[in-house]
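Please describe how this chain is put together, with attention to its helices, its cores, its aromatic pairs and its unusual backbone geometry.

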Amino acid sequence: MAEILEMRGERVTLRDWHPSDVDDRLRELLSPGRPWHLTNGPYFGRPTAADMDRLAQRFAGLAATGAELLPEPRENLPIVLDEAVVGSVSWYWEDQRTDWRRMGVTIYDETLWGQGLATEAMALWTTYLFEVTDALRLDFATYTGNTGMLGVGRKLGFVEEARIRRARRWSGGVHDAIVMGVLREEWEDAGWD
């Protein structure tokens with residue numbers, strides 16, 4: 001039987017989903033009116049309640065799946081603080097044929113923003129993905145309106161690799177699209193692993 005995945009940082013833990021994680025509190029944090037939807041790709045459109053219910057059901061499905069059936073590497077893990085889910089990390093293929101992985105982090109509870117939780121979670125996640133894959137690099141995509149995500153990348157040594165100027169008209173302004181990445185050797189040299 002495969003082991004349940006768990007990575008502990010100083011304040012947050014990344015681990016496999018538990019059935020008790022998908023509770024009323026998490027469903028409230030996922031609701032379309034929460035502020036995190038204003039920074040997490042808002043130009044794709046505000047999610048509906050049905051969209052967020054499907055996301056909660058996806059998390060519940062992951063929680064109901066035995067560790068031996070979960071993919072390695074994991075594609076999504078909850079960020080847990082004091083035994084409560086406060087966000088999640090994710091990764092997906094931008095292009096599997098060329099081994100291009102893209103990752104993300106979201107803190108759902110806006111009362112916890114600015115406390116370094118996303119930075120700690122992203123450090124754990126980046127280390128994990130480099131440990132269990134042969135990835136040469138990892139990256140994330142955002143836009144200049146998401147200053148929190150850009151700050152996480154800078155603190156962790158991610159390098160701005162692409163800036164698509166004036167790519168997003170959003171919320172009364174014009175924003176650049178940004179891709180920030182880190183090479184395996186840069187991550188190892190920085191001592192995050």
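In which strand does Glu161 lie? Glu161 lies in strand β7, which covers residues 159-170; helices (H or I, at least four residues) and strands (E, at least two) are DSSP runs, numbered from the N terminus. This is a predicted model, in which local features need pLDDT of at least 70 and side-chain atom pairs count only at pLDDT 80 or more, whereas totals for chains, interfaces and linings use all residues. Residues are numbered from 1 along each chain as its sequence is written, and side-chain values use heavy atoms, with hydrogens and water left out.

**Surroundings of Glu161**

At a relative accessibility of 38%, Glu161 counts as partly exposed, where buried means under 20% relative accessible area, exposed over 50% and partly exposed in between (1.4 Å probe, protein chains only). Leaving aside residues up to four places away in sequence, Glu161 touches Arg137, Asp139, Val179, Met180, Gly181 and Val182, a contact being heavy atoms within 4.5 Å. The C-alpha atoms of Glu161 and Gly9 are 28 Å apart in space, and these two residues are 152 residues apart in sequence.

**Nonpolar cores**

A nonpolar core is a set of buried Ala, Val, Leu, Ile, Met, Phe, Trp, Tyr and Cys residues joined through side-chain atoms within 4.5 Å. The largest such core has 36 residues, and those with the most contacts inside it are Leu14, Ile79, Met103, Met122 and Trp125. At least two residues of this core come from each of β3, β4, β5, α3, β6 (137-143), α4 (147-155) and β8 (173-183), and α3 gives the most, with ten residues. Apart from this core lies another, of 14 residues, among them Leu55, Ala56, Phe59 and Tyr108. Met103, not counting residues up to four places away in sequence, touches ten residues named here in full: Ser90, Trp91, Met122, Trp125, Thr126, Leu129, Leu138, Asp139, Phe140 and Phe158.

**Helices α3 and α2**

Of the 16 residues of α3, 14 are buried, so this helix is largely enclosed by the rest of the structure. From its first C-alpha to its last, α3 reaches 23 Å, close to the 22 Å expected at 1.5 Å a residue, the expected span being 1.5 Å times one less than the number of residues. Helix α2 also has 16 residues, which should span 22 Å, and its end C-alpha atoms are 22 Å apart, which agrees. The buried residues of α2 are Met52, Leu55, Ala56, Phe59 and Ala63. They cover an arc of only 95° around the axis, which puts them on the same side of α2; the arc is that of the directions from the helix axis to the C-beta atoms. These buried residues pack against α1, β3 and β4. Ala50, also found in helix α2, is partly exposed, with a relative accessible area of 40%, and its C-alpha atom is separated by 9.5 Å from that of Ser31, 19 residues apart along the chain.

**Aromatic pairs**

Rings of Phe, Tyr and Trp (its six-membered ring) pair if their centres lie within 6.5 Å, and planes under 30 degrees apart count as stacked, over 60 as edge-to-face and the rest as tilted. By this rule the count comes to six aromatic pairs. The rings of Trp36 and Tyr108 have their centres 4.8 Å apart and their planes at 50°, so the pair is tilted. This pair links distant parts of the chain, 72 residues apart, with Trp36 in the loop between α1 (24-30) and α2 (49-64) and Tyr108 in the loop between β5 (100-107) and α3 (117-132). Both Trp36 and Tyr108 are buried. In the pair of Trp91 and Trp93 the ring centres are 5.1 Å apart and the planes are at 70°, so the pair is edge-to-face. Trp91 is buried, with a relative accessible area of 6%, whereas Trp93 is partly exposed at 30%. Ring pairs also link Phe140, Phe158 and Trp187 into a cluster.

**Backbone geometry**

Most residues other than glycine have a negative phi, and most peptide bonds are trans. The table lists two residues with positive phi.

| Residue | Phi | Place | Relative accessible area |
|---|---|---|---|
| Glu83 | near 70° | loop between β3 and β4 (84-95) | 68%, exposed |
| Asp99 | about 60° | loop between β4 and β5 | 26%, partly exposed |

A cis peptide bond, with omega about 5°, joins Glu72 and Pro73, and Pro73 has its place in the loop between α2 and β3 (76-81).
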